[in-house]
Amino acid sequence: MRTHRTLAVALATATAASLTGGLLALSAGPAAAATPAKYADDFDGDGYRDYASGWGGEVTVTYGTATGPGPKTVRFTQDSPGIPGTAGDSGGYADTFGNQLANADLNRDGYADLAVADRSEKSGTTAGAGAVTILWGARSGLGTKATRIPARSKLAFGAALASGDFNGDGKPDLAVTDVTGTLYVYRGGFSTSGTTGSVTSMEVSPSGGEVLEPVAIVAGRVTKDKATDLYVLGQGYKNGRMTQAAWFVQGGSTIKRGKYTTYNASQVDFNATGVIADFDKNGYGDLAVSDTPYTKGAGSVVVLRGGASGPATSYRLSQSTTGVATAATRDDRFGFSLSAGDTNRDGYPDLAVGVPEEESGSVANAGGVHVLRGGGKGLTGTGSQWFTRATAGVPGSATQDEMFGLFVRLRDLDRDGDADLLMSSDLYRKSVLLRASATGITTGGASETDLDPNFPQ
């Protein structure tokens, strides 16, 4: 069984799969490497990127090779040896171990580590208190040791999670939220015993004038300093109504509370997602964030341009944007999944946009993926590409309610300098891999794979 969620599950309750495999008591091998890992997701320190995905109680790790994802795959649950906590539902809360992941070499030993959030975890008698567990990397990969970081809240701690060097000191940090909207930044200095560096906590508005219930943290370089910045995405409240909002937090030696942007003032998306990339190459990172309720569920993507102090101007892309192949119709969910990468080697990041409920001809909810090109003016519909199961060269055929494009990821899987497109639909179908070239994504050599696209950006 694979680790995907259907759209219905994504909008409601996840169902955990019962899988074997676990945290094996493997030898750690030779002494730890002397320098931090080159890649934030190289869990076994072999110089190749690895792929961790999770949902509904399990985490699956596929190890990379010189030619891309390899055959070695390991799955973990909280029933696996050495992982703290209890697998399965708890106190009426569905198991969310793995719903939020972040990777970095947190103890700087040459092996990347994986932070796994579980907002549903029980703490003592408190159901849904939440927890964040670090699976430590080693020569044998993940599986030798796991510890929890000290929780600063018992209100769905781990509701959102991200990694980055938020204070610019060269050490990776962790950003965690709880359900109240409090953001906790754990500074580097992580150890396998469970200790961390100092912790900074802040709310979007200490006075209570703005309230944010977070669903995701998006980390990346927005300003031009060396520190990682972040956006907290979630549901806010304005004049008694729920809204969608993005709260900017600027990294630096002192982490600063930044601009709060409401980008949908009348509807909410409990599965909002986003990615930071410099789409116009002006030196500032831009946030592309989903707004799937837009225009009766047709969906859109809002881009907050980066500036010297965070978000500046903004623009919106949808299936009504000139050059985008398909038409905007009710409940298409344009923007449900997003990923950024340079697909045509022009130096500008492009954006993959999943549209899981788009029709393919007369086939309802067949789904598909747009690739929008970055350029000097940012993202546009000019030169964009559109892929479905009905596209010539793509394996399979359009199927009702498949919701192809539920997950997308742009990543240079074959290490040739351009970002390939990995996309998938529901729990039971394989992903489709399309390779990139100097002209963009191609269908030549298209293949299916068990690799899930929902690994961290």
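A residue counts as buried when its relative accessible area is under 20%. That cut-off returns at several stops on this tour of a predicted model.

**Stop 1: strands β13 and β14**

Select Y231. With a relative accessibility of 0%, Y231 is below the cut-off and therefore buried. Now add F248, which is also buried at 0% relative accessibility. The two ring centres are 5.2 Å apart and the planes meet at 55 degrees, so this pair is classed as tilted. Y231 belongs to strand β13 (residues 229–238) and F248 to strand β14 (residues 241–250), so the pair ties together parts 17 residues apart in sequence.

**Stop 2: F157 and its partners**

The model has 4 aromatic pairs in total. Another of them is F157 with Y184, an edge-to-face pair with 6.0 Å from centre to centre and 65 degrees between the planes. It links distant parts of the chain: F157 is in the loop between β7 (146–148) and β8 (160–164), while Y184 is in strand β10 (residues 183–186), 27 residues apart. Are these residues buried or exposed? F157 has a relative accessible area of 0% and is buried; Y184 is buried too, at 8%. Add Y186 to the selection to show one aromatic cluster made of F157, Y184 and Y186.

**Stop 3: T182**

Next select T182, in the loop between β9 (173–177) and β10. T182 has a relative accessible area of 8%, so it is buried. Its side chain makes a polar contact of 3.1 Å with the side chain of T180. Leaving aside residues up to four places away in sequence, T182 touches V176, T177, S201, M202 and E203.

**Stop 4: strand β5**

Select residues 113–118, which make up strand β5. How many of its residues are buried? The count is 6 of the 6, so the strand is largely enclosed by the rest of the structure. In a regular strand, side chains alternate between the two faces of the sheet. In β5, D113, A115 and A117 lie on one side, with L114, V116 and D118 on the other; all are buried, and both faces are covered.

Now show the strands that pair with β5. Strand β4 (residues 100–104) runs antiparallel to β5 and is joined to it by 5 bridges. To find one bridge, select N103, whose partner in β5 is L114. Strand β6 (residues 131–135) is likewise antiparallel to β5, with 5 bridges between them. Here V116 stands opposite T133 of β6.

**Stop 5: the sheet β1-β2-β3**

Move to the open sheet of 3 strands, ordered β1-β2-β3 and paired antiparallel. Which strands are at the edges? They are β1 (51–55) and β3 (68–76), each pairing on one side only. On average, neighbouring strands of this sheet are turned by 20 degrees against each other, direction ignored. Strand β2 (residues 58–65) pairs with β3 over 6 bridges, in the antiparallel sense. Select G64 to find a bridge whose partner in β3 is P69.

**Stop 6: charges over rings**

Two selections remain. Show Y63 together with K72, which lies over the face of the Y63 ring at 4.4 Å from its centre. Then show Y294 and R316: R316 lies over the face of Y294, 4.1 Å from the ring centre.

How values were computed
Residues are numbered from 1 along each chain as its sequence is written. This is a predicted model: local features need pLDDT of at least 70, side-chain atom pairs count only at pLDDT 80 or more; totals for chains, interfaces and linings use all residues. Side-chain values use heavy atoms; hydrogens and water are left out. Rings of Phe, Tyr and Trp (its six-membered ring) pair if their centres lie within 6.5 Å; planes under 30 degrees apart count as stacked, over 60 as edge-to-face and the rest as tilted. Helices (H or I, at least four residues) and strands (E, at least two) are DSSP runs, numbered from the N terminus. Buried means under 20% relative accessible area, exposed over 50%, partly exposed in between (1.4 Å probe, protein chains only). A charge sits over a ring if NZ of Lys or CZ of Arg is within 6 Å of the ring centre and within 35 degrees of the ring normal. Two strands pair if DSSP finds at least two bridges between them. Axes are lines fitted to C-alpha atoms, for helices over the stretch in contact, and angles run from 0 to 180 degrees between N-to-C directions. A polar contact is a pair of N or O atoms within 3.5 Å; within protein, one must be able to donate a hydrogen and the other to accept it, and residues adjacent in sequence count only if both atoms are side-chain atoms. Contact means heavy atoms within 4.5 Å.
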